[in-house]
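Let us walk through this fold one contact at a time. Keep the model in view as you read.

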Amino acid sequence: MKRSEIASGYACPTVYPTGTAPVFDAADAVYTVDRYLGRLAGIPVNPSDMEETYPLVCDGRQTWDALGTGVPTVPPLVADPDILPGITSFDPDSVFVTGQNGIYTQVNADIIDAAGVYQNRTFVLAIGGEGYCIGDIA
């Protein structure tokens with residue numbers, strides 16, 4: 001993280017003592033989905049909050065196994081980045097964690113797509129060294 005980003009007030013770094021592992025919680029998972037949906041709806045938390053600079057989508061390695069099949073694949077959102085139809089808005093108060101299973105966390109959110117249709121979508125996130133990333137949307 002750049003010192004200028006910390007000074008800007010935008011950055012939300014996770015701080016932890018040297019020699020220990022970072023701890024990410026439900027609030028971190030919810031914030032990841034809030035940021036992702038804000039970007040899609042055209043209202044990012046910060047104008048510089050873009051996928052190229054601050055990735056929220058899991059990387060394309062074949063390590064995704066949210067169902068515990070024993071056969072990891074590329075995260076579905078990487079394979080099909082258009083899983084979620086264009087959205088025009090979402091309800092930030094509707095974003096909440098609905099389940100956790102090991103390194104995977106489910107977060108639900110209410111969205112309105114470009115056709116004006118309300119949908120409740122489930123985001124599946126994985127946890128890694130940098131925090132949560134989104135790998136699938138159902």
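Begin with the sulfur atoms. The link of Cys-58 and Cys-133 is right-handed, with 90° about the S-S bond. This is a predicted model. Its disulfide puts the two sulfurs 2.0 Å apart. A search of the whole structure finds one such bond. Cys-58 sits in the loop between helix 2 and helix 3 (76–79), and Cys-133 sits in strand 5, so the bond ties together parts that are 75 residues apart in sequence. Both Cys-58 and Cys-133 are buried.

Stay in that loop for a moment. Asp-65 is also found between helix 2 and helix 3. Is Asp-65 buried or exposed? The cut-off for buried is under 20% relative accessible area. Asp-65 has 18% relative accessibility, so it counts as buried. Leaving out residues up to four places away in sequence, Asp-65 touches Gly-70, Val-71, Pro-72 and Tyr-104. Ile-103 is 38 residues from Asp-65 in sequence, yet the two C-alpha atoms are 9.9 Å apart in space.

Now turn to helix 2. It covers residues 26–40. At its N-terminal end, Asp-25 acts as a cap: a side-chain oxygen lies 3.1 Å from the backbone nitrogen of Ala-27. Just after the helix, Gly-42 takes a positive phi of about 85°. Does the length of the helix agree or disagree with expectation? Its 15 residues, at 1.5 Å a residue, should span 21 Å, and the end C-alpha atoms are 21 Å apart, so the two values agree.

Much of the packing can be followed from this helix. Its buried residues include Val-33, Tyr-36 and Leu-37. Charged residues are on the buried list too, among them Asp-34 and Arg-35. The buried residues of helix 2 pack against helix 3 and against strands 1, 2, 3, 4 and 5.

That packing leads into the nonpolar core. In soluble globular proteins, nonpolar side chains tend to be buried together. Here the largest nonpolar core has 21 residues. Those with the most contacts inside it are Val-33, Tyr-36, Leu-37, Leu-84, Phe-123, Leu-125 and Ile-134. Helix 2, strand 1, strand 3, strand 4 and strand 5 each supply at least two residues of this core. Which element gives the largest share? Helix 2 does, with five residues.

Look closely at Tyr-36. Not counting residues up to four places away in sequence, Tyr-36 touches Leu-56, Val-57, Leu-77, Leu-84, Phe-123, Ile-134 and Ile-137. A second, separate core has six residues. Cys-58, Trp-64, Tyr-104 and Ala-126 are among them. Cys-58 is thus met again, as one end of the disulfide.

Finish with the rings. The count comes to three aromatic pairs. In one of them, Phe-24 and Tyr-132 meet edge-to-face, 6.5 Å centre to centre and with 70° between the planes. Phe-24 lies in the loop between helix 1 (3–8) and helix 2, while Tyr-132 lies in strand 5, 108 residues apart. Both Phe-24 and Tyr-132 are buried. Why is the pair of Tyr-36 and Phe-123 called edge-to-face? The ring centres are 6.2 Å apart and the planes stand at 75°, so the pair fits that class; the cut-off is over 60 degrees. Tyr-36 in helix 2 and Phe-123 in strand 4 (residues 118–128) are 87 residues apart. Both Tyr-36 and Phe-123 are buried.

Note on methods: Residues numbered from 1 in each chain as written. Predicted model: local features only at pLDDT ≥ 70, side-chain atom pairs only at ≥ 80, totals over all residues. Heavy atoms only, no water. Phe/Tyr/Trp six-rings, centres within 6.5 Å; stacked < 30°, edge-to-face > 60°. Helix = DSSP H or I, 4+ residues; strand = E, 2+ residues; numbered from the N terminus. Buried < 20%, exposed > 50% of the residue type's maximum accessible area, 1.4 Å probe, protein only. Disulfide = S-S within 2.5 Å. Contact = heavy atoms within 4.5 Å. Expected span 1.5 Å × (residues − 1). Polar contact = N/O pair within 3.5 Å; in protein donor to acceptor, adjacent residues only side chain to side chain. Core = buried A, V, L, I, M, F, W, Y, C linked by side-chain atoms within 4.5 Å.
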